[in-house]
Amino acid sequence: MIDSNDLKLIEEAKKIINKNFDEINENHTVGAALRCKNGNVYVGVNVYAQHGSCAEYIAMGTAITAGEREFDTIVAVRSPKKNNTLIAPCGNCRQLLMQYAPDIKVLIQTEDGIEKFFIKELLPYSPY
Ligand SMILES: [Zn+2]
């Protein structure tokens, strides 16, 4: 079940992509928000390039740079052009989360609404 803190996290992800959405070049089209176990929240937007980075990576890197190591929940949303709908993490991000935060939860839009999954459910049988 998602709670009010999860809804707040979604709002943070929306806020950061709505602030940085690059409508002309579409270099920044996804926003992510990451909540640490201590309650601190870090955000990021994707950085598009030949070998660019997803918003989840930027948020996680920002949190790690600030000294955080314990992570609770992460979410990513699309641009306002795509109605800020939630976007599930790509395979590369699932691997990142599994390695850095093996007990993190991920908010995902399903047919039944917004649901919370453990990263282990999203990357089963991972060797790492
Ligand atoms: Zn990704």
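Let's start with Cys90. In this predicted model, Cys90 is partly exposed, with a relative accessible area of 33%. Now look at Cys93. Buried or exposed? Cys93 is buried, and its relative accessible area is 0%. The cut-off for buried is under 20%, so Cys93 falls below it and Cys90 does not.

Why look at these two cysteines? Turn to the zinc ion. Which protein atoms are its donors? They are the SG atoms of Cys54, Cys90 and Cys93. These donors lie 2.2 to 2.3 Å from the zinc ion. Along the chain, the spacing of the donors reads C-x35-C-x2-C.

Keep Cys54 in mind, and move to the largest pocket. The volume of this pocket is about 160 Å³. It has 13 lining residues, and Cys54 is among the closest to the centre. Val30, Asn46, Ala55 and Glu56 share that description. So one zinc donor, Cys54, also belongs to the pocket lining. What is the lining made of? It divides into 9 nonpolar residues, 3 polar and 1 charged.

Next, the cavity. How many cavities of 30 Å³ or more does the structure hold? The count is 1. The largest cavity has a volume of about 40 Å³. Glu56 comes back here, as one of the residues lining this cavity. Ile74, Val75 and Ala76 line it as well. So do Ile87, Ala88 and Pro89. Leu97, Val106 and Leu107 complete the list. By type, that lining holds 9 nonpolar residues, no polar ones and 1 charged.

Which strands supply the cavity lining? Strands β3 and β4, the latter spanning 105–110, each give at least two residues. β3 gives the most, with 3 residues.

Stay on β3 for the last stop, Thr73. This residue is found in β3, which covers residues 71–78. Thr73 is buried, with a relative accessible area of 0%. What does its side chain make a polar contact with? The partner is the side chain of Asp72, at 2.6 Å.

Thr73 has other neighbours too. Leaving out residues up to four places away in sequence, Thr73 touches Asp6 and Leu9. It also touches Ala33, Leu34 and Arg35. Then come Ile104, Lys105 and Leu107. Leu107 is a name we have met already, in the lining of the largest cavity.

To recap: three cysteines donate to the zinc ion. Cys54 is also among the residues closest to the centre of the largest pocket. Glu56 appears in the linings of both the pocket and the cavity. And Thr73 sits buried in strand β3.

Definitions and conventions. Residues numbered from 1 in each chain as written. Predicted model: local features only at pLDDT ≥ 70, side-chain atom pairs only at ≥ 80, totals over all residues. Heavy atoms only, no water. 1 Å grid on protein atoms, 1.4 Å probe; cavity = no way out; pocket = protein on both sides within 12 Å on 5 of 7 lines; lining within 4 Å. Points joined across faces, edges and corners; volume = space filled by probe spheres on them. Nonpolar A, V, L, I, M, F, W, Y, C, P; charged D, E, K, R; others polar. Donors = N, O, S within 2.8 Å, 3.2 Å for Na, K, Ca; no water. Buried < 20%, exposed > 50% of the residue type's maximum accessible area, 1.4 Å probe, protein only. Helix = DSSP H or I, 4+ residues; strand = E, 2+ residues; numbered from the N terminus. Polar contact = N/O pair within 3.5 Å; in protein donor to acceptor, adjacent residues only side chain to side chain. Contact = heavy atoms within 4.5 Å.
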